[in-house]
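Colleague: Could you take one buried position and look at it closely, and then work outwards to the parts of the chain around it? Please say as you go how each term is defined.

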Amino acid sequence: MTETALRHVREICLALPEATERLSHGSPAFFVRDKKTFVMYLDNHHDDGRLALWVAAPPGTQAELVAAEPDRFFRPPYVGHRGWLGVRLDRDPDWKEVAEIVQDAYREIAPKSLVALLDAAG
């Protein structure tokens, strides 16, 4: 399941304009122009028992989704105070929904010129 999930996440993230991947703190992370992180992929981070993404999120999204579906969404450590959202991948994820969440994360971090490319493409 872990390799399949990572393959899906890579496909989604690397399809975005000027997105790159590299390890950050020992885990795969996805960056805009190799500088700013928009998604982190974590497998059992500090023994939390989760396979999850930590994603940049639009204001208010974290609180809304965590309150509505706490079994699927959570406030991640370290970045949660900045509004980032934790998305569980070990709960039979809807990959279309995950792709939408990742695109929202990208939109939060990417410069307007790259967001315009994304909008033009899709």
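Modeller: M40 counts as buried because its relative accessibility is 14%, where buried means under 20% relative accessible area, exposed over 50% and partly exposed in between, with a 1.4 Å probe and protein chains only. This is a predicted model, in which local features need pLDDT of at least 70 and side-chain atom pairs count only at pLDDT 80 or more, while totals for chains, interfaces and linings use all residues. Residues are numbered from 1 along each chain as its sequence is written, and side-chain values use heavy atoms, with hydrogens and water left out.

M40 belongs to strand β3, residues 36–43; helices (H or I, at least four residues) and strands (E, at least two) are DSSP runs numbered from the N terminus. Leaving out residues up to four places away in sequence, M40 touches P28, A29, A52, L53, W54, V79 and W84, a contact being heavy atoms within 4.5 Å. Between the C-alpha atoms of M40 and E21, which are 19 residues apart along the chain, the separation is 9.6 Å.

Two of the residues touched by M40, W54 and W84, are also in contact with P76, whose list, with neighbours within four places in sequence set aside, further includes Q62, L85 and G86. P76 sits in the loop between β5 and β6, and it counts as buried because its relative accessibility is 3%. The C-alpha atoms of P76 and R107, 31 residues apart along the chain, are separated by 19 Å.

The loop between β5 (73–74) and β6 also holds Y78, which counts as exposed because its relative accessibility is 56%. Y78 is not a glycine, yet its phi is positive, at about 70°. Most residues other than glycine have a negative phi. D47 is another residue other than glycine with a positive phi, in its case near 60°. D47 is found in the loop between β3 and β4 (51–55), and it counts as exposed because its relative accessibility is 70%.

Beyond β6 (85–88), in the loop that leads to α3 (95–109), lies D90. The side chain of D90 reaches the backbone nitrogen of L51 at 3.2 Å, and it also makes a polar contact of 2.8 Å with the side chain of R88. A polar contact is a pair of N or O atoms within 3.5 Å; within protein, one must be able to donate a hydrogen and the other to accept it, and residues adjacent in sequence count only if both atoms are side-chain atoms.

As for the chain that holds these parts, it has four helices and six strands, which follow the pattern α-β-β-β-β-α-β-β-α-α along the sequence. Its radius of gyration is 13 Å, close to the 14 Å that the globule rule gives for 122 residues, so the chain is as compact as a globular protein of that length; the radius is taken over C-alpha atoms, and the rule is 2.2 Å times the number of residues to the power 0.38. Taken along the principal axes, the C-alpha atoms fill a box of roughly 35 × 30 × 25 Å. Of the 122 residues, 42% are buried, and among contacts between residues at least 6 apart in sequence, 49% join residues at least 24 apart.
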